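Student: I would like to learn how to read a structural model feature by feature, with the general idea set out before each case. Could we begin with the backbone and then work through the rest?

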Amino acid sequence: MRTYSYNVNGAQYDVTIEQIKGSVAKLNVNGIAFDVEMLGTPLTEGDLPNVEAGAAPVAAAPVAAAAAAPAAPAQKGAAGAGTPVKAPLPGVVTKVLVAAGQSVKKGDTVLVLEAMKMENNITAECDGAVTGICCAAGDSVMEGDTLVTIG
């Protein structure tokens with residue numbers, strides 16, 4: 001297990017690589033677990049650089065690409081054209097209440113986001129049809145992540 005720190009677009013991510021099996025790395029990013037599929041030549045734990053105690057870790061480039069994945073985590077489908085409905089705070093999606101192509105009106109609940117042990121109804125910000133669903137129940141999302149798009 002190795003821990004690295006990254007700064008991506010001004011946000012700091014503390015990434016712990018817990019396990020690598022084939023092309024899937026089990027990561028913990030700022031306390032949230034992710035399974036990251038590595039593209040290209042997969043790494044093994046032996047490929048990771050050694051980090052001396054007290055030294056600032058420096059990661060290999062492929063690991064940096066894996067760490068950047070949480071910046072757009074939970075993207076289950078492509079965001080469609082239109083107005084994005086973004087996560088107002090980090091949390092876990094507990095229910096997706098709409099389907100692609102479904103008509104919604106401003107104020108309709110499109111999904112439920114659990115944050116700090118509270119369920120938050122996330123509502124449509126405009127009238128239209130759902131053009132993309134970017135998350136699924138059980139996905140962890142960060143503040144500002146696009147959850148659905150309405151066109």
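Tutor: Let us begin with one residue: Lys 117 is exposed, its relative accessible area being 81%. Keep in mind throughout that this is a predicted model.

Student: Where is Lys 117 found, and what is its phi near?

Tutor: The general idea is that most residues other than glycine have a negative phi. Lys 117 is found in the loop between strand 8 and strand 9, and its phi is near 65 degrees, a positive value in a residue other than glycine. Met 116 lies in that loop too, between strand 8 (109-115) and strand 9 (118-123), and has a phi near 55 degrees, again positive in a residue that is not glycine.

Student: Does Met 116 count as buried or exposed?

Tutor: Met 116 counts as exposed, because its relative accessibility is 74% and the cut-off for that class is over 50%.

Student: Which strand order should I read for the sheet that contains strand 8 and strand 9?

Tutor: Reading a sheet starts with the order of its strands and goes on to its edges. Here an open sheet of 4 strands has the order 9-8-6-11, with antiparallel pairing. The edge strands are strand 9 and strand 11, each of which pairs on one side only. Within this sheet, strand 6 (residues 91-96) and strand 8 run antiparallel and are joined by 4 bridges, and the bridge partner of Val 93 in strand 8 is Leu 113.

Student: What is the strand order in the open sheet whose edge strands are strand 1 and strand 4?

Tutor: That open sheet of 4 strands has the order 1-2-3-4, also with antiparallel pairing. Its edge strands, strand 1 (2-8) and strand 4 (32-37), each pair on one side only, and the twist averages 35 degrees from one strand to the next. Strand 2 (residues 11-21) is joined to strand 3 (residues 24-29) by 6 bridges, and the two run antiparallel; the bridge partner of Ile 20 in strand 3 is Ala 25.

Student: How many salt bridges does the count come to?

Tutor: As a general idea, side chains of opposite charge can pair when their charged atoms come close. The count here comes to 1 salt bridge, which Lys 26 forms with Asp 35, the closest N and O atoms being 3.2 Å apart. The two partners fall into separate accessibility classes: Lys 26 counts as partly exposed at 35% relative accessibility, whereas Asp 35 counts as exposed at 55%.

Student: Which residues have the most contacts inside the largest nonpolar core?

Tutor: In soluble globular proteins, nonpolar side chains tend to be buried together. The largest nonpolar core in this model has 18 residues, and those with the most contacts inside it are Val 110 and Leu 111. Strand 8, strand 10 (128-133) and strand 12 (146-150) each supply at least two residues of this core. Apart from it lies another core, of 13 residues, among them Ile 17, Ile 20, Met 38 and Leu 48.

Student: Which residues does Leu 111 touch, beyond those up to four places away in sequence?

Tutor: Leaving out those sequence neighbours, Leu 111 touches residues including Val 96, Leu 97, Ile 122, Cys 135, Leu 147 and Val 148. Val 148 is found in strand 12 and counts as buried, because its relative accessibility is 0%. With the same neighbours left out, Val 148 touches Thr 83, Pro 84, Val 85 and Val 98, among others. Val 148 and Lys 86 are 62 residues apart in sequence, yet 7.4 Å apart in space, C-alpha to C-alpha.

Student: Where does Asp 139 lie, and is Asp 139 buried or exposed?

Tutor: Asp 139 lies in the loop between strand 10 and strand 11 (140-141), and is buried, with a relative accessible area of 10%. Asp 139 and Val 92 are 47 residues apart in sequence and 5.5 Å apart in space, C-alpha to C-alpha.

Student: Why is there no bond between the sulfurs of Cys 135 and Cys 134?

Tutor: Reading a disulfide begins with the distance between the sulfurs. The sulfur of Cys 135 is 6.9 Å from the closest cysteine sulfur, in Cys 134, and that is too far for a bond. The structure holds 0 disulfides. Cys 134 is buried at 0% relative accessibility, and Cys 135 is buried with a relative accessible area of 4%.

How values were computed: Residues are numbered from 1 along each chain as its sequence is written. This is a predicted model: local features need pLDDT of at least 70, side-chain atom pairs count only at pLDDT 80 or more; totals for chains, interfaces and linings use all residues. Side-chain values use heavy atoms; hydrogens and water are left out. Two strands pair if DSSP finds at least two bridges between them. Axes are lines fitted to C-alpha atoms, for helices over the stretch in contact, and angles run from 0 to 180 degrees between N-to-C directions. Buried means under 20% relative accessible area, exposed over 50%, partly exposed in between (1.4 Å probe, protein chains only). A nonpolar core is a set of buried Ala, Val, Leu, Ile, Met, Phe, Trp, Tyr and Cys residues joined through side-chain atoms within 4.5 Å. Contact means heavy atoms within 4.5 Å. A disulfide is a pair of cysteine sulfur atoms within 2.5 Å. A salt bridge is a side-chain nitrogen of Lys or Arg within 4 Å of a carboxyl oxygen of Asp or Glu.
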